[in-house]
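Biologist: Please take one helix of this model and go through it closely, then follow its surroundings outward. I would like to know what each side of the helix carries and what lies around it.

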Amino acid sequence: MPTITPYDWSLRPAVPEDVEAVAELRAVVMRADLERLGRYDEHRVRQRLRDAFLPGHTSVIESGGAFAGCVTLRPGADGWWLENFLLSPALQGHGIGSAVLRSVLARADAERLTVRLDVLRGSAARRLYERHGFVREREDAVDVFLVREPVVRETP
């Protein structure tokens with residue numbers, strides 16, 4: 001298998017036909033956390049994605065020209081909700097997720113937008129977000145809500 005680097009990815013606009021690939025990836029990626037929380041339902045995990053899929057706000061992550069994941073940025077009151085940030089388990093741990101997240105956050109910073117998201121309690125994904133400046137805003141029995149204010153860089 002070739003070495004994967006954080007540079008072996010690209011984003012393209014999602015189309016409605018991407019919904020099933022995204023729904024299936026969501027079921028795979030979220031299964032362990034949902035099972036740990038006693039909330040895994042094989043049908044519901046896919047249907048919730050199908051019901052909320054927004055191709056106009058979603059970018060598909062490709063690696064080696066193949067579907068590798070997606071990221072959805074839903075407009076919110078004061079910025080974006082980062083939703084459905086999913087990456088194929090085979091590609092996790094190679095820096096692609098961090099690279100995609102950096103590109104999303106650079107865009108938010110340039111537009112001076114706050115970014116919010118939620119992760120399942122106990123999810124390893126929380127560490128990724130915290131490394132990129134997200135902090136806990138609140139939590140409930142299932143989710144931890146994180147926020148990142150824009151980083152405004154002064155130009156000399």
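Modeller: On helix α2, the exposed residues His43 and Asp51 sit on the face turned away from the buried side. The model is a predicted one. Helix α2 covers residues 42-52, and its buried residues are Val45, Arg46 and Leu49. Seen down the axis of α2, these buried residues fall within an arc of 90°, so they line one face of the helix. A general rule helps here: an α-helix has 3.6 residues a turn, so residues three or four places apart point the same way.

What covers the buried residues of α2 includes helix α1 (19-36) and strand β4. Strand β4 leads into the sheet. The sheet is open and has seven strands, in the order β1-β2-β3-β4-β5-β7-β6, with mixed pairing. Its edge strands are β1 (10-13) and β6 (135-139), each of which pairs on one side only. From one strand to the next the twist averages 30°.

Strand β4 (residues 79-87) pairs with β3 (residues 66-75) in the antiparallel sense, over six bridges. Within this pairing, Thr72 stands opposite Glu83 in β4. Another helix, α3 (residues 96-110), lies across β1, β2 (58-63), β3, β4, β5 (114-120) and β7 (143-148). Helix α3 runs at about 165° to β4.

Strand β4 also takes part in an aromatic pair. A search of the whole structure finds three such pairs. In one of them, Trp81 and Phe145 meet edge-to-face, with 6.4 Å centre to centre and 90° between the planes. Trp81 lies in β4 and Phe145 in β7, so the pair ties together parts that are 64 residues apart in sequence. The two residues fall into separate classes of exposure. Trp81 has a relative accessible area of 25% and is partly exposed, whereas Phe145 has 10% and is buried. Phe145 has a charged neighbour too: Arg138 lies over the face of its ring, at 3.9 Å from the ring centre.

A further edge-to-face pair is made by Tyr129 and Phe134, at 5.7 Å centre to centre and with 70° between the planes. Both Tyr129 and Phe134 are buried. Together with Phe85, these two residues form one aromatic cluster.

How values were computed: Residues are numbered from 1 along each chain as its sequence is written. This is a predicted model: local features need pLDDT of at least 70, side-chain atom pairs count only at pLDDT 80 or more; totals for chains, interfaces and linings use all residues. Side-chain values use heavy atoms; hydrogens and water are left out. Two strands pair if DSSP finds at least two bridges between them. Helices (H or I, at least four residues) and strands (E, at least two) are DSSP runs, numbered from the N terminus. Axes are lines fitted to C-alpha atoms, for helices over the stretch in contact, and angles run from 0 to 180 degrees between N-to-C directions. Contact means heavy atoms within 4.5 Å. Rings of Phe, Tyr and Trp (its six-membered ring) pair if their centres lie within 6.5 Å; planes under 30 degrees apart count as stacked, over 60 as edge-to-face and the rest as tilted. Buried means under 20% relative accessible area, exposed over 50%, partly exposed in between (1.4 Å probe, protein chains only). A charge sits over a ring if NZ of Lys or CZ of Arg is within 6 Å of the ring centre and within 35 degrees of the ring normal. The arc is that of the directions from the helix axis to the C-beta atoms.
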